[in-house]
Each structure stands twice: as structure tokens, then as C-alpha cells.
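Reader: Could you walk me through how to read a pocket and a few ring pairs in a protein model? I am new to this.

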Amino acid sequence: MRCWRRPGKTGCDIQLKKLLRSLVAVFLILLAVLALPPVRLRVEQVLYPRSYTAEVELWANEYDLDPLLVDAFIRTESGFEAGATSSVGARGLMQMTEETFLWLREKIAPDEGLTFDDLYDPAVSIRFGCYYLHLCMVRYNGDVATAAAAYHSGWGTVDALLRMEEHSADGVTLKGFPYNQMHHYVEKITACYSAYTRLYGGEAAAQN
């Protein structure tokens, strides 16, 4: 940027102000465009995508789950990365540990020869994840927040909290989540599920 001098101001000062005004104008135009409903909807759908829809619909229907809830779990657990592996060794789209996988395999696939590595297959991960989520929903009376806490922290942890009056009024659902990781996870699941329902709920209802 070439500068020149004038009384009280340099050419750089003037050019910089012009540049800043231009940037502000561009920013305001972008905000206006993003405020348009079709554009805003598309941006939100990019942030909350639906992938592996056929498998999600299949196993959600099989285990009496809302497919959009399954989407919320997949987005939260793995960000739709089929090859995801957590720091504790949980694998796949729905992030399942080997212990949980082996327990569920005895229930739904005892003779299929599936191994822990098969959780990297989206179809297997979604099938097993949906079944486990179904068990959590049934065990905790269909309460999404309590089921999410159980999916994340285990039944034993949730059951112990349910026996404490300060955490549960009915012994079936939690009214608070005292552990930071659990609390953060439940907040993410419920917010994500709300977003999916808002963005795709009408579409799902139309398909039914």
C-alpha cells in the first residue's frame, strides 16, 4: 500500500479506513445472506448432516428408535467418521467398547462370527449402537437425557445416581448430571437431537 501525506493524516490512514469500511460492508452483506431462511437452513444442514441414512432408518425402526436421535448420537460420538477410535478404545460410528460389543453380540449375533474390528463397518456399528441405545431407552423409561447418560457412563453409574434423592425424584429418570463429562455429553446429545428434529422433523413425518 503506497502512502502519501496530507495535513493531519497520512495516505495510509485514509486507505486503511476505506479498507475497513469495505470489509464491514462485505461482512454485513454476508450476514444478510445468511439470514435468508433457505441459506440458513442449508448451512445448518451442513453442520448437522444425515449420513448412512438407509442403515440408520433400518435399525432405528427395528429397535423402535427415532432415526433423528440415532443421527444425534452418531454426530456426537464420532462426527460420522466410520473409522473413529476413542482414547479408551471405543470404535466406530457409535463408539462402542469391546466389552459392550461382546455382551451385545451374545444377544443379537451369537452365530455371525463378528469381531470387534467389524465395528468399523458402518452397518455393524449402527446395528449394535441402535440396539444398545434401545436397551438404554427401555431401561430408563424413554427419557433421552437419562438414556444418554447411561450410554456414555454405563448403567451402573446411572443406577447409583437414581438411588440418590438429590439426583432423581422418581428413581427412574435423572434430574441432574453431577459429573462434568456426563453433564457435557447429555447437553450435547439433547441439543443435537433438538437441532435434528427442527431441521428434519417435518421431512421424517412426511416419509411416515
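Author: Happy to! This is a predicted model. Let's start with the lining of the largest pocket: by class, 7 residues are nonpolar, 11 are polar and 2 are charged.

Reader: How is empty space found, and what is the volume of the largest pocket?

Author: Rolling a probe the size of a water molecule over the atoms shows where empty space is left. Here the largest pocket has a volume of about 490 Å³. It is lined by 20 residues, and Glu77, Val88, Tyr151, His152 and Tyr185 are the closest to its centre. Helices α4 (67-78), α7 (144-153) and α9 (180-207) each give two or more residues to this lining.

Reader: Which kind of aromatic pair do Tyr132 and Tyr151 form?

Author: A tilted one: the ring centres are 5.2 Å apart, with 45 degrees between the planes. Tyr132 belongs to helix α6 (residues 122-139) and Tyr151 to helix α7, so this pair ties together parts 19 residues apart in sequence.

Reader: Why does the pair of Tyr132 and Trp155 count as stacked?

Author: Look at the angle: planes under 30 degrees apart count as stacked. The planes of Tyr132 and Trp155 are at 15 degrees and the ring centres 6.2 Å apart, so the pair is stacked. Ring pairs also link Tyr132, Tyr151 and Trp155 with Phe73, Trp103 and Tyr185 into a cluster.

Reader: Is Tyr132 buried or exposed?

Author: Buried means under 20% relative accessible area. Tyr132 has 9%, so it is buried.

Definitions and conventions
Residues are numbered from 1 along each chain as its sequence is written. This is a predicted model: local features need pLDDT of at least 70, side-chain atom pairs count only at pLDDT 80 or more; totals for chains, interfaces and linings use all residues. Side-chain values use heavy atoms; hydrogens and water are left out. On a 1 Å grid over the protein atoms alone, a cavity is a set of points where a 1.4 Å probe fits but cannot get out, and a pocket is an open set with protein on both sides within 12 Å along at least five of seven lines; lining residues have an atom within 4 Å of a point. Grid points are joined across faces, edges and corners, and a volume is the space filled by probe spheres set on the points. Helices (H or I, at least four residues) and strands (E, at least two) are DSSP runs, numbered from the N terminus. Ala, Val, Leu, Ile, Met, Phe, Trp, Tyr, Cys and Pro count as nonpolar, Asp, Glu, Lys and Arg as charged, and the others, Gly among them, as polar. Rings of Phe, Tyr and Trp (its six-membered ring) pair if their centres lie within 6.5 Å; planes under 30 degrees apart count as stacked, over 60 as edge-to-face and the rest as tilted. Buried means under 20% relative accessible area, exposed over 50%, partly exposed in between (1.4 Å probe, protein chains only).
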